[in-house]
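Q: Please look closely at a single part of this protein, its second largest pocket, and describe what lines it.

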Amino acid sequence: MYLVNPSVSPNVAVIAQKTRTFVGETEADVQNALVGGSSYGGRYSGQDIVVKPSYVLIKAGVFGAGGKQMNSFVASSHLDYTRSSASFRAGGCEFSAEALVGSVSVSASDIRVRPEILCNEGTMEWDLRYDRKEMCREQEVLFGNSMYSWVPLGIGTMFSGRVVLDGEEYSVEPMKSFGFIDKSWGQKFGDSYFHLSSGRITSIITGKPLEKSFFSVDGEFGSKKCLSGVISIGEWKFKLGGLLGCMGGMKERHDCIQVPANESAEKLHWTICVEQGNTVLDLDVFCDTSEMFVRSYELPQRNRELMQILGGGTGVGEIRIYKKVGGNLELLEHAKFVDTICEFGQNDTSAQ
């Protein structure tokens, strides 16, 4: 659920892209999400009327080959919040502290009449209960400034229930579900977006699953483009970020690069390196671009800009934890992980 500028037009959903004509995702859009280029710019037409977006957006979809997103826009005055159950309701969908229930349906005629909704044809229905095994409290903002705040409400979350996609039903089983729930708010997105999260981690040294091990990191924040989040592997725990940016006494480096295609599929490669005292953590994640999908969010400001996020749910990788001993590094833990949510995005500045 994405709420943007509710006071601008509380009774009518206003989509800033309305004066553009969207013709669907192409390979150029994938490249655009990586570099923040202008692949959309030449594929829109219409009178240049600049407005601020104002609505509640319910976005549902799937990653991978044939991936899609379905968008439902609702006037912000139709958003209800119940404090006792911490429940939001809009457009026939509910987001509560224990459940996600709702549906979105977009027809081909919807897209022809309203190309500005920036999505695909399809239907999705979901009825899910969830249990946040590892969580941060609402007050534990891992990053916050005057522009943007983020908190992973459910770092390790197990879901159960059902999802129906285009008439085909899927069962969601808790022991096979490794998800997360987060919340962000503020005046605008950053110029770029970086996210990794996983809760399915196994020690390569012992061959056993690492219980209560997970990581969820998000960014990029502040002028230093820091990451925020929690990385907990066995007995080692790293907390990145803070109310004033990167935490003192900790060094953090990260990157996301495109790996050239060879015998295997083209991939993206995320890296994070953290130094905390005499402990060093190296994390690497890979995901095939064919298993990812670009989704778009209008930015709150008036410039018709989009944040385009290339994301997937099948990332795999390894994590190593070392102890500094003199001028050498002693390996403390070496683990692998699968089913990783991995995302990277850039602002589309073509509207400017």
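A: The following account treats the pocket first and then a cavity.

The model is predicted, so local features need pLDDT of at least 70 and side-chain atom pairs count only at pLDDT 80 or more, while totals for chains, interfaces and linings use all residues. Residues are numbered from 1 along each chain as its sequence is written, and side-chain values use heavy atoms, without hydrogens and water.

On a 1 Å grid over the protein atoms alone, a pocket is an open set of points with protein on both sides within 12 Å along at least five of seven lines; a cavity is a set where a 1.4 Å probe fits but cannot get out; lining residues have an atom within 4 Å of a point. A volume is the space filled by probe spheres set on the points, which are joined across faces, edges and corners.

The second largest pocket has a volume of about 440 Å³. Its lining comprises 19 residues, and Met158, Phe178, Gly199, Glu211 and Lys212 lie nearest the centre. Two or more lining residues come from each of β8 (122-134), β10 (148-165) and β14 (201-203); strands are DSSP runs (E, at least two residues), numbered from the N terminus. β10 gives the largest share, 3 residues. The lining has 7 nonpolar, 7 polar and 5 charged residues; Ala, Val, Leu, Ile, Met, Phe, Trp, Tyr, Cys and Pro count as nonpolar, Asp, Glu, Lys and Arg as charged, and the others, Gly among them, as polar.

The whole structure also holds 3 cavities of 30 Å³ or more. The second largest cavity has a volume of about 60 Å³.

Key
Helix = DSSP H or I, 4+ residues; strand = E, 2+ residues; numbered from the N terminus.
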